Amino acid sequence: MSMGEILVILIVAVLVLGPEKLPDAAIKIAKFIRAAKRHIDEVKESIDKEVRINEMKEEAKKYTQEFSQYKENMRKKLSFEEFDELKKDILENNKASLKEEDSKAKNTEDKNV
């Protein structure tokens, strides 16, 4: 508001209310404006809290998903490691079996010669 607009409002207020009621009216208007500002600030604060809560929920969801993916990857990794161990055991058993067969074949050949 410009200074001219404020001056016009004051002149109208003095004419309508009169000089006796104007101070009380100004006090009531000031109290109303303060109460309205306080209420608006409370609403803003409440909205900010809700926004922060929603952001925290989204962040928690993100971490939960990341943790689930990490857990699944670990489970897969462990499965592959277990598979590799089984494969090694099988190969070692096959090698041992082949060595035994070779030993038996040599012993049989030595006996036959």
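What follows is a friendly chat about a predicted model of one protein chain.

Me: Hi! Is this from experiment or prediction, and how many helices and strands are there in the chain?
Reply: Hi! The model is predicted. The protein chain has 1 helix and 0 strands.

Me: Where does that helix run?
Reply: Helix 1 covers residues 3-112, in a chain of 113 residues.

Me: And what share of the residues counts as buried?
Reply: Just 2% of the 113 residues. The accessible surface of the chain comes to about 11000 Å², and carbon and sulfur atoms account for 60% of that area.

Me: Which residues form a nonpolar patch on the surface?
Reply: The patch is made of L7, V8, I11, V12, L15, V16 and L17. Together they offer about 680 Å² of accessible area.

Me: Let's pick V16 from that list. Buried or exposed?
Reply: V16 is exposed, because its relative accessible area is 64%, and the cut-off for exposed is over 50%. V16 sits in helix 1.

Me: Switching to charges: how many salt bridges turn up in the whole structure?
Reply: The search gives 2 salt bridges. In one of them, the side chains of E45 and K49 meet at 3.8 Å, N to O.

Me: How far apart are E45 and K49 along the helix?
Reply: They are 4 residues apart, about one turn of helix 1.

Me: And how accessible are those two?
Reply: E45 has a relative accessibility of 45%, so it counts as partly exposed. K49 is partly exposed as well, with a relative accessible area of 43%. Partly exposed is the class between buried, under 20%, and exposed, over 50%.

Me: What about E58, which residue is its salt-bridge partner?
Reply: That would be K61. The closest N and O atoms of E58 and K61 are 4.0 Å apart. Both residues lie in helix 1, 3 residues apart, about one turn of the helix.

Me: Why would such side chains pair up at all?
Reply: In general, side chains of opposite charge can pair when their charged atoms come close.

Me: Now rings. How many aromatic pairs does the structure hold?
Reply: There are 0 aromatic pairs.

Me: OK, then what lies over the face of Y63?
Reply: K62 does, at 5.3 Å from the ring centre of Y63.

Conventions: Residues numbered from 1 in each chain as written. Predicted model: local features only at pLDDT ≥ 70, side-chain atom pairs only at ≥ 80, totals over all residues. Heavy atoms only, no water. Phe/Tyr/Trp six-rings, centres within 6.5 Å; stacked < 30°, edge-to-face > 60°. Lys NZ or Arg CZ within 6 Å of the ring centre and 35° of its normal. Patch = residues over 30% accessible without salt bridge, like charges linked within 9 Å, V, L, I, M, F, W, Y side chains within 5 Å. Areas by Shrake-Rupley, 256 points an atom, 1.4 Å probe, with all protein chains shown as cover. Helix = DSSP H or I, 4+ residues; strand = E, 2+ residues; numbered from the N terminus. Buried < 20%, exposed > 50% of the residue type's maximum accessible area, 1.4 Å probe, protein only.
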